[in-house]
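I opened this notebook to record what I looked up in one structure. The entries go from the whole chain down to single residues.

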Amino acid sequence: MSSHDGASDHVPATQNKGKKKGWPLLRKKRYVAIFVAIPLLGLLGLLALRNRHHNASSQSGPDHDGSVVTDDTFFYGQSEPVYPSPPTQGTGAWADAYNKAVKFVNQLTIEEKASLASGVTSSTGTTGTLNGCSGNIAAIERMNFTGLCLTDAGQGVRATDFVSGYPSGIHVGASWNKALARSRAESMGMEFRVKGANIALGPVVGPLGRVVRGGRNWEGFSVDPYLCGALAAQTVEGIQSQGVITSTKHFIGNEQESYRNPTSGDTEAVSSNIDDKTMHELYLWPFQDAVHAGTGNVMCSYNRVNNSYACQNSKTQNGILKTELGFQGAITSDWGALHAGVATALAGLDMVMPNSNLWGSGLVKAVKNGSIPEARLTDMATRVIASWYQMKQDQGFPDPGVGIAPDLTMPHRIVDARNISSRKVLLDGAVEGHVLVKNVKGALPLKKPKLLSIFGYSARSPDQWNYKSNGGVAAWTFGGESAYLGRDTTVGFAGVIDGNFSQIAPNGTLFSGGGSGAVTPASVSAPYDALMQRAYDDGTALMWDFHSPEPDVVSISDACLVIVNAFASEGFDRPGIRDDFTDGLIRHVADRCGNTIVIFHNAGIRLVDQWADHQNVTALMFAHLPGEASGRALVSLLYGEANPSGKLPYTVARNESDYEHLLAPDFPEDMFKKFPQSDFSGEGVYVDYRHFDAKNITPRYEFGFGLSYTTFNFSGLQINKNQTANTDMFPKGPIREGGQTDLWDVVASISATVANTGPVDGAEVAQLYVGIPGAPARQLRGFEKTFLNASATATVQFGLTRRDLSVWDVVAQKWALQKGDYAVSVGSSSRQLPLQGVLSIS
């Protein structure tokens with residue numbers, strides 16, 4: 001281990017960055033041991049690989065002749081160095097846990113402190129020696145510390161048996177329901193606890209969704225930071241209410257899968273180059289909400305940030321997270337994201353996962369030779385143990401990984417984590433994340449059709465649902481059962497960039513996306529399963545074809561359901577946001593069926609303009625990723641037992657070109673062939689609907705849009721400034737979890753009346769948008785989902801905090817409350833805002 005001189009945020013050229021030879025998969029990604037090189041060789045040989053380097057940065061360094069950059073010293077100073085790493089202070093709600101942790105850690109040897117910071121070999125498939133957890137911290141028996149199990153992920157406990165499969169992040173985002181997000185989190189937290197998972201590796205708030213084709217956007221809640229942050233806060237509070245620590249991830253700027261890690265060809269990970277204002281107003285925002293909610297852990301990401309690896313970036317970890325936001329817990333590396341030893345410790349990393357020869361005994365050596373102050377190691381251990389005490393895991397918490405067997409194919413103890421109380425949460429969550437965006441000619445709800453035809457590959461259950469490995473990776477384990485048995489996810493994990501990845505999962509319906517965020521529920525309900533039962537009850541005749549691109553269509557069908565999907569996975573970015581096979585299938589059916597209803601299980605934005613205006617396409621529903629209750633939820637919506645209430649958490653464009661450079665990931669090119677650059681300054685905070693508003697682009701379906709079987713009316717806008725609120729430009733409060741305390745003071749209150757003017761009961765999401773002087777014309781700053789019986793009315797209220805009404809001042813390094821008039825708008829979507837008013841701050 002070499003030392004870090006503090007002059008920059010980069011490892012010196014002589015620093016050991018880890019092995020660069022062999023399969024990057026075996027070096028960079030979690031669960032590495034379950035991958036076998038021989039099956040991969042055959043698989044990779046079948047793929048047509050090509051180099052499509054595009055969209056790279058035009059950035060150039062000072063006094064450079066334009067030749068290829070071969071050494072990262074070229075980038076020194078681009079990320080501000082912030083040292084030393086601030087020790088946790090145990091402020092606010094953490095005081096008691098901190099005091100206990102200090103007493104605990106003071107009794108430890110240097111070796112024991114290092115063991116709390118360094119993961120040990122655990123299970124990665126069938127090679128585990130401890131349990132099936134994604135990672136482990138070893139026990140210290142003499143201190144009655146039983147160790148820590150860290151396991152995936154944000155949609156529930158993954159890769160083990162007798163657990164539930166909850167709706168994915170994008171599905172929760174589409175529900176726009178804070179209470180439901182909290183209930184989901186509590187149920188998930190209960191299952192993590194029963195299984196002996198001390199740290200749940202979620203929620204995901206990065207990627208935020210900057211890159212439209214981003215492979216992991218589905219794991220997060222929304223591209224809008226306010227919506228994402230509000231739901232993340234509920235998730236953190238809900239999971240941690242069960243005594244399980246949340247690891248909010250991936251910190252920060254992890255907006256693409258392509259080149260997220262160094263490659264075997266000596267190309268470094270992509271650098272997310274983010275200016276200070278954009279960082280705070282967009283990408284940091286949901287992390288700030290999670291810290292304010294009390295998250296006990298934050299996971300740093302694979303990518304570089306301003307050309308410094310995220311897990312050794314002192315500006316983001318020491319400066320922003322631990323100082324500005326007052327984070328009291330521990331920062332954990334993503335799996336295999338450690339590229340230096342001393343540098344990462346000094347830059348603020350507290351725990352490495354799943355293990356690394358750069359830490360462990362190396363950390364002990366570095367402390368003893370003075371490269372790392374022992375106080376830094378003590379702080380690492382204190383932060384880890386403080387979060388353990390904060391969640392009261394010293395009081396009757398199950399043994400780490402007790403219900404997560406290392407090899408599910410072998411006899412093992414069954415620990416059933418499911419609880420009957422979660423069934424309503426699973427179904428309600430699945431229902432509310434469906435978004436109806438078209439419904440004409442009375443297509444929905446269905447009314448006991450005599451003949452119903454079903455088409456599409458996403459209607460039925462996958463052909464396989466078991467633990468068996470295929471091609472070196474367990475398809476079930478990583479959400480690949482419906483997607484060529486995990487073929488593309490395997491290749492993506494291997495670091496292949498252009499692997500001819502499929503846009504669809506053709507082997508069955510999608511319950512989640514692929515990768516470490518997948519779900520592995522004990523039972524599933526596919527759409528066809530539930531439709532068959534409903535048809536039996538109603539006496540409906542069914543016809544179906546799940547395979548043919550040009551199926552026979554019975555002309556007398558009362559309705560034709562086309563149930564298809566758009567797949568995405570960790571490890572690679574989506575090759576597109578529409579595909580010819582699916583579009584052709586939909587057009588073929590619509591040409592022959594006068595009542596064609598399209599349902600998309602979409603792991604991200606999916607374009608529909610090739611057929612959305614077809615006269616026979618009468619309804620379109622984005623079903624997202626509903627989890628295990630998918631079929632039951634869909635049927636309840638199709639038949640009107642539930643009323644659609646979801647809203648889009650993103651913008652659906654008419655053409656790919658509408659997204660401009662935000663459509664695709666950035667690739668290495670020109671002078672940065674070895675150091676790919678992704679410059680966020682090109683758009684700043686203008687992503688998704690902000691981009692469409694600023695460029696005056698008309699979307700197909702705007703952010704926040706969604707239909708119901710009833711209608712709603714908005715009236716009675718009231719804007720009331722809090723006369724006792726301090727409206728000085730800058731906050732003055734002390735720093736606690738989430739930043740200065742007065743950032744959360746309510747400056748103004750907004751209210752409006754919502755009325756159900758239609759014939760049936762339903763729920764509406766009242767959305768508040770604010771135009772801050774000198775900022776985007778509209779930014780979401782409040783939302784409330786209200787259930788209303790037919791003809792009922794309700795008043796919704798929004799509290800606007802100082803942070804909600806501020807912009808980031810890059811000079812003062814504080815949130816600045818603007819003087820002037822703030823445009824206030826309330827309505828049902830970002831472009832349907834019937835209530836308009838002005839809030840004046842002087």
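**Entry 1: the whole chain**

I began with burial: buried residues make up 66% of the 842 residues in the chain. Buried means under 20% relative accessible area, exposed means over 50%, and partly exposed lies in between, with a 1.4 Å probe and protein chains only.

I noted that this is a predicted model, in which local features need pLDDT of at least 70 and side-chain atom pairs count only at pLDDT 80 or more, while totals for chains, interfaces and linings use all residues. Residues are numbered from 1 along each chain as its sequence is written, and side-chain values use heavy atoms, with hydrogens and water left out.

I then looked up the overall dimensions. The C-alpha atoms fill a box of roughly 80 × 70 × 60 Å along the principal axes. The radius of gyration of the chain is 26 Å, which agrees with the value near 28 Å for a compact globule of 842 residues. That radius is taken over C-alpha atoms, and the globule rule is 2.2 Å times the number of residues to the power 0.38.

For the surface, I found that the chain exposes about 27,300 Å², with carbon and sulfur atoms supplying 51% of it. The areas come from the Shrake-Rupley method with a 1.4 Å probe; for residues, only the protein chains shown count as cover.

I also checked the contacts, where contact means heavy atoms within 4.5 Å. Among contacts between residues at least 6 apart in sequence, 79% join residues at least 24 apart.

**Entry 2: helices and strands**

I looked up the secondary structure and found 19 helices and 29 strands. Helices (H or I, at least four residues) and strands (E, at least two) are DSSP runs, numbered from the N terminus.

I picked helix 14, residues 422-432, for a closer look; its buried residues are Ser-422, Val-425, Leu-426, Gly-429, Ala-430, Val-431 and Glu-432. What do the buried residues of helix 14 pack against? I found helix 5 (169-175), helix 6 (178-194), helix 18 (630-638) and strand 24 (779-788).

**Entry 3: disulfides**

How many disulfides does the structure hold? I found 3, a disulfide being a pair of cysteine sulfur atoms within 2.5 Å. With the bonded cysteines numbered in sequence order, the pairing is 1-2, 3-4, 5-6.

One disulfide joins Cys-133 to Cys-149, with 2.1 Å from S to S. It links distant parts of the chain, 16 residues apart: Cys-133 is in the loop between helix 4 (110-117) and strand 1 (135-137), and Cys-149 is in strand 2 (residues 148-152). The torsion about this S-S bond of Cys-133 and Cys-149 is about -105°, so the disulfide is left-handed. Both Cys-133 and Cys-149 are buried.

Another joins Cys-300 to Cys-311, with 2.0 Å from S to S. Cys-300 lies in strand 6 (residues 297-300) and Cys-311 in the loop between strand 8 (308-309) and helix 10 (314-324), so the pair ties together parts that are 11 residues apart in sequence. I read 105° about the S-S bond of Cys-300 and Cys-311, a right-handed link. Cys-300 is buried, as is Cys-311.

A disulfide also joins Cys-560 to Cys-593, with 2.3 Å from S to S. This pair links distant parts of the chain, 33 residues apart: Cys-560 is in strand 15 (residues 559-566), and Cys-593 is in the loop between helix 17 (580-590) and strand 16 (596-602). The torsion is about 100° for Cys-560 and Cys-593, so this disulfide is right-handed. Cys-560 is buried at 0% relative accessible area, and Cys-593 counts as buried at 2%.

Why is Cys-228 without a bond to Cys-300? The closest cysteine sulfur to that of Cys-228 is in Cys-300, 18 Å away, which is too far for a bond. Cys-228 counts as buried, at 1% relative accessibility.

**Entry 4: backbone angles**

Most residues other than glycine have a negative phi, and most peptide bonds are trans. I listed some exceptions.

A cis peptide bond joins Phe-251 and Ile-252, with omega about 5°; Ile-252 is in the loop between strand 4 (245-251) and strand 5 (271-273). Leu-444 and Pro-445 are also joined by a cis peptide bond, with omega about 0°. Pro-445 is in the loop between strand 10 (435-439) and strand 11 (451-455).

Leu-485 is not a glycine, yet has a positive phi of about 55°. Is Leu-485 buried, partly exposed or exposed? Leu-485 is partly exposed, at 29% relative accessible area. His-624 has a positive phi near 50°, and at 0% relative accessibility His-624 counts as buried.
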